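Here is a structure to walk through together. Have the sequence and the 3D view open, and stop at each place as we reach it.

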Amino acid sequence: MMGKPIATTRTVMGVSTGKLAVWWLIVSEIVIFGGLLASYVMHRIGHPEWAASAAHTDVRIGGLNTMVLLTSSLMAVLAHAAAGRGDGPLAAKRLAVTIGFAVMFLCVKAYEWTTEISHGYTITASGFWQFYYVAAGIHAAHIIAGAIIMGFVMMQARRNHELGRVELIGLYWHFVDLVWIFLFPLLYIAK
Amino acid sequence: MASADAATHDDHGHGNGKVPGALRGFLKDDHEWFYFQTWMILTGLFIISYIGPFIGEALHMFAITMVTAFGIAVVKAGLVIKRFMHLMDEPKFIWQMNATALVFILLFFFWVAPDVMSHEGANWGNQAGASITMTTHIEDFDPDVVWTERCATCHGEEGRGDGPAGTAIYPRPTDFTSRAYWATADHDIMATAILDGGVALGRSRYMPAFRTAFAAGHGGGHEGEVDTLPGERTEQLIARIMTFRPPPEAAPAPAPVAVPTREPTPTPTPEPVIDDTVALDGYGLIPGGEVVPAPAPAPTGPSEAELAARAQYIQGRVFN
Amino acid sequence: MATAAPHAHDHGHDDAHPEESWVIKYLWSTDHKIIGLQYLFTGMAMAIIGGYFAYAFRMQLAFPGESVPTYGVVSPAQYNAMVTNHGTIMIFWVAMPVLIAAFGNFLIPLMLGCDDMVFPRINRLSYQIFLLSALVLIASFFVPGGGFGGAWTSYPPLSSEAGYSLTPLGSTIWLLAVALEFVAFLLGGINFITTTMNSRAPGMKYTDIPMVVWMIVLASIIFMASVGPLIAGAIMLLFDQNLGTHFFDPTAGGDPLLWQHLFWFFGHPEVYVVLLPAMGIVAEIITTFARKKLFGYKTVLYTAIATGILSFFVWAHHQFVAGIDPRMANLFTATTVLISIPIAEMCFVYIGTLYGGSIRFTTPMLWALAFIFEFLIGGVTGIFLGASGSDIYFHDTYFVLAHFHYTFFPIAIIGTFAALTYWFPKMFGRHLNESLGKIHFWGTVIPFNMIFIPLFILGVGGQHRRIYSYEHFPELFQPWQQDLRVMATVSLLVMLVFQALFLMNFFYSIFKGKKASKNPYNANTLEWLADSPPAHGNFLHLAEMPVVHRGPYEFNHPDRDEDYWPQWLPPEGVSAAPPADPEPAADPEPADESADQDADQDSDQDSDEESAS
């Protein structure tokens, strides 16, 4: 690969270009999840009968996944701290733990969905369940994408390359965590 | 607040004096200890939001659940944004652009919600949405309340077929004060209409089916066990409707086809588009209750043959 | 002013950009100019498909049931599919890729004095996803059941139920193509925004950015902020089509109105997403060929930002007859009428720029003037549709259609031709033929009016849209109505013939046209400092990367003999420094504190822009 263009190295706004782009990415994600959740909330308020379906979500599993993601967020920010000190190998290790939590999240999710589907709560079961699967599914897709990208960043960080990217993937990861922080009460707690 | 926090932030400079001994191997400096403390706060908040619903249920206060669920979600989000994402350490346009996106989503919510959440207004009605809401499960059955909440929106408080949502529906909702209706109605027809909806009679599809709503259990969805409750409740509701029946006249009007609703469609074809046109022509704006002549084409309108040609054309257009 | 960027030496031309094979150079390139041209040519190819559809269904309307030359008899399902895909292609695969992606890619780094976009490989990925989306869309025409025919707005249940649309595969593939295209533009948009915010040439303040760059960036921001709900909605619609969910099915608790809101929450800002770049292009051309400073740079900028904000408040004027709450309709009427104010103000600024200028009627200038004239007609007819009272009568008639084309044709076609003829020398290093260009101009603009003025008349007369043949509607099949339809169709044929003339001129001039100099129009912005066409790396072979000393529209400055004053010229040739002269940039490399303060200042100014859009 050729060297970076001069354009990439300029920072007129006082923020590194990569971080600026990640923040814009987060803006575009805010409106995607925002549109989805706004649609869900207005339906949920307009359809009191959905509470009957919502009663069947398992708050214990949802809670477990909340803790998994919160902890993975801690590991991501610790990786950023390590990268900030220039300690690439430690950052890579912590990113690996973060990826481990991501995999755990997906396993728990797989178990949860299997249970629910086998009880007949499929995506077509009712209005609530279709939003449940779409919202959690899009979120899980973000987890998968984030974990894959984090894998690449980890490989680079291990060789002390591009340590700035540890922070960038961390920002994205915290955002995915944030979405779950709101999905948890919306889908599991508020019945 | 931001500055105070930034100060603490800075205090956590480089030493590791504040890290408890047990965690020294894991957390390399005070900075990381700060992150770990944040994580502990988040865990505590999570536990509160987890047990909130149990307290709310025990005290029968739904508000507690709402506060612990969403209030704490906002606090948790704030902590993650501030302490993990360091949003406040960036130039301020970063949070401004994120806040702008959020504002647009709020705008979307509040300007769309009137349409999606509400199902009727002064001169308009969202029949599809309303019929879904109307058929939500009923816990404590009181025929008067059910009449007001579920029936009167279309049939009117006085049973005249002039409820707010009813004025926008063709064919018009049944007018229970009309003698013409009672000339043809009987108990079974009314029970079928209430339990299985207008479609079961081949009449208006806007008349919803209340069988699930009247059923026992959680209602809605998948738990539609067969029980006797819907039948009993329907009897009560029919008794309520019977109060609108006018006293019989000495000489009842001879009414050959006197139901101001759509006639049953003989063929089981899927709801063709033409149906509505015919319904409009036949029953358009005639107030309910009057004896309606069989839908004959108006003298100035298109001829029978022309109508047939159009219908055939539309049929071809739809199913080609 | 020895402000040579040290990087220029690190990145010797030969190291960074070695000789490349043809495939690497033109198909797999990360060079922003090549990617811009790829977008341009893909957009032109899609325009030919969209134009062909227009030809086929206009022929069907003018001569119902007769065999269309080169197509054959148009069946009702094919008619619907062609109308739908004409709209989809022209908006998503012609207007957006050409106006935003092609010219954005080509112009932004050049005008900002960069060697490339900040993320060249993401830029390439963006084009590749876009190309894939175009291929997917074309594939949707050939699946069993035919292409999707539920209109570009794809309202459910027509789009969600195969039982209604009868295109089970076509509608899904169509939706996938649109979704891919959104991904491509999100990636491209982040690139444009980040490049403009962070990689401006040293000394370029936010009021020194050429208007077209501002407009493309604002459009990208508006796109990004509005498309999210529709992406979520597209996923819901996809599941409605294929998994049997009921998000938009009222018989099972869904709400079809929600789709309309999700769609138009994006769909109306989308109008401004394509309008603003065209407005920017016109600003560049008018100032250059009137040899006059833009009359109110900040006015245009702030009105554009105001337009961007307001565009999020007007969407439901497309739904006045869709059963929305009438009280909301009043609100949306008010906001819709409001948004005409900033747009009108922009037009006034452009007319003010012309006043007293020494106007040269070159081909690009003709296109730019035609844009203002035709777009005004489109804007004025919009007032009838924005007011809910009159919209109830006009809705779903050809009046809407004609109004829409009077806005989009100036934007997507006239705006594109203006930009293409203006920047052609920079893109290909040769000039277009002026006489052919003027013939093509009149041959396009006159037939355009001849197509759509009859449709206005038909629409006011009550002619409903989306009807395959009016034969079965005697009251819509009077001879005068049919005559107007034939007139519109014949005008379309004439217009299409003149486009062939343009294509000949275009391809002939790429290879055989008159060679162009670096700055053939004596214009001011930085792209005219580079070679024609610029090499990979734009300015890297120069002694130093460009530094900006003044605004982009300094024509006929009183202290100067020449009638133009390029942005890159240092101010030493001036006897007395004019008060408007910006203080020289402290240091191009923001390694030290002074530059950081500079950046802070900039961020303050730009934060207006962020919160605005």
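What follows is a short tour of chosen spots in this model, which is a predicted one.

Let's begin in chain A, on helix H7, which runs over residues 164-189 and holds A:Glu167. Is A:Glu167 buried or exposed? Its relative accessibility is 18%, and since buried means under 20%, A:Glu167 counts as buried. So who are its neighbours? Leaving aside residues up to four places away in sequence, A:Glu167 touches A:Lys19, A:His80 and B:Glu90. With A:Lys19 there is also a polar contact, side chain to side chain, at 3.3 Å.

Just before that helix, have a look at the loop between helix H6 (127-158) and H7 of chain A, where A:Asn160 is found. A:Asn160 isn't a glycine, yet its phi is positive, at about 60°. With a relative accessibility of 41%, A:Asn160 counts as partly exposed.

Now hop over to chain C and find helix H4, residues 32-62. How far apart should the ends of this helix be? At 1.5 Å a residue, its 31 residues should span 45 Å, and the C-alpha atoms at the two ends are 44 Å apart, so the two values agree. The helix is mostly covered, too: 25 of its 31 residues are buried.

Next, the aromatic rings. A pair of them is described by the distance of the centres and the angle of the planes. Over all chains, the count comes to 101 aromatic pairs. Take B:Phe36 and B:Trp39 as one of them: the ring centres are 5.4 Å apart and the planes meet at 35°, so this pair is tilted. Both residues sit in helix H2 (residues 30-59) of chain B, and because they are 3 residues apart there, about one helical turn separates them. An α-helix has 3.6 residues a turn, so residues three or four places apart point the same way. B:Phe36 and B:Trp39 are both buried.

For another pair, go back to chain C. The rings of C:Tyr52 and C:Tyr71 have centres 6.4 Å apart and planes at 45°, so this pair is tilted. Here the link is between distant parts of the chain: C:Tyr52 belongs to helix H4, while C:Tyr71 is 19 residues away in the loop between H4 and helix H5 (76-112). C:Tyr52 is partly exposed, with a relative accessible area of 31%, and C:Tyr71 is partly exposed at 29%.

Rings can have charged company as well. A:Arg94 lies over the face of B:Phe26, 5.9 Å from the ring centre. In chain C, C:Arg550 lies over the face of C:Trp565, at 3.8 Å from the ring centre.

Last stop: some backbone details in chain C. Which peptide bond involving C:Pro157 is cis? That's the one from C:Pro156 to C:Pro157, with omega near 5°. C:Pro157 sits in the loop between helix H6 (120-139) and helix H7 (162-165) of chain C. That loop also holds C:Ser154, a residue other than glycine whose phi is positive, near 45°. C:Ser154 is buried, with a relative accessible area of 0%. Further along the chain, another cis peptide bond joins C:Ser532 and C:Pro533, with omega about -10°. You'll find C:Pro533 in the loop between helix H17 (479-512) and helix H18 (593-612) of chain C.

Definitions and conventions. Residues numbered from 1 in each chain as written. Chains lettered and ligands numbered in written order. Predicted model: local features only at pLDDT ≥ 70, side-chain atom pairs only at ≥ 80, totals over all residues. Heavy atoms only, no water. Helix = DSSP H or I, 4+ residues; strand = E, 2+ residues; numbered from the N terminus. Buried < 20%, exposed > 50% of the residue type's maximum accessible area, 1.4 Å probe, protein only. Polar contact = N/O pair within 3.5 Å; in protein donor to acceptor, adjacent residues only side chain to side chain. Contact = heavy atoms within 4.5 Å. Expected span 1.5 Å × (residues − 1). Phe/Tyr/Trp six-rings, centres within 6.5 Å; stacked < 30°, edge-to-face > 60°. Lys NZ or Arg CZ within 6 Å of the ring centre and 35° of its normal.
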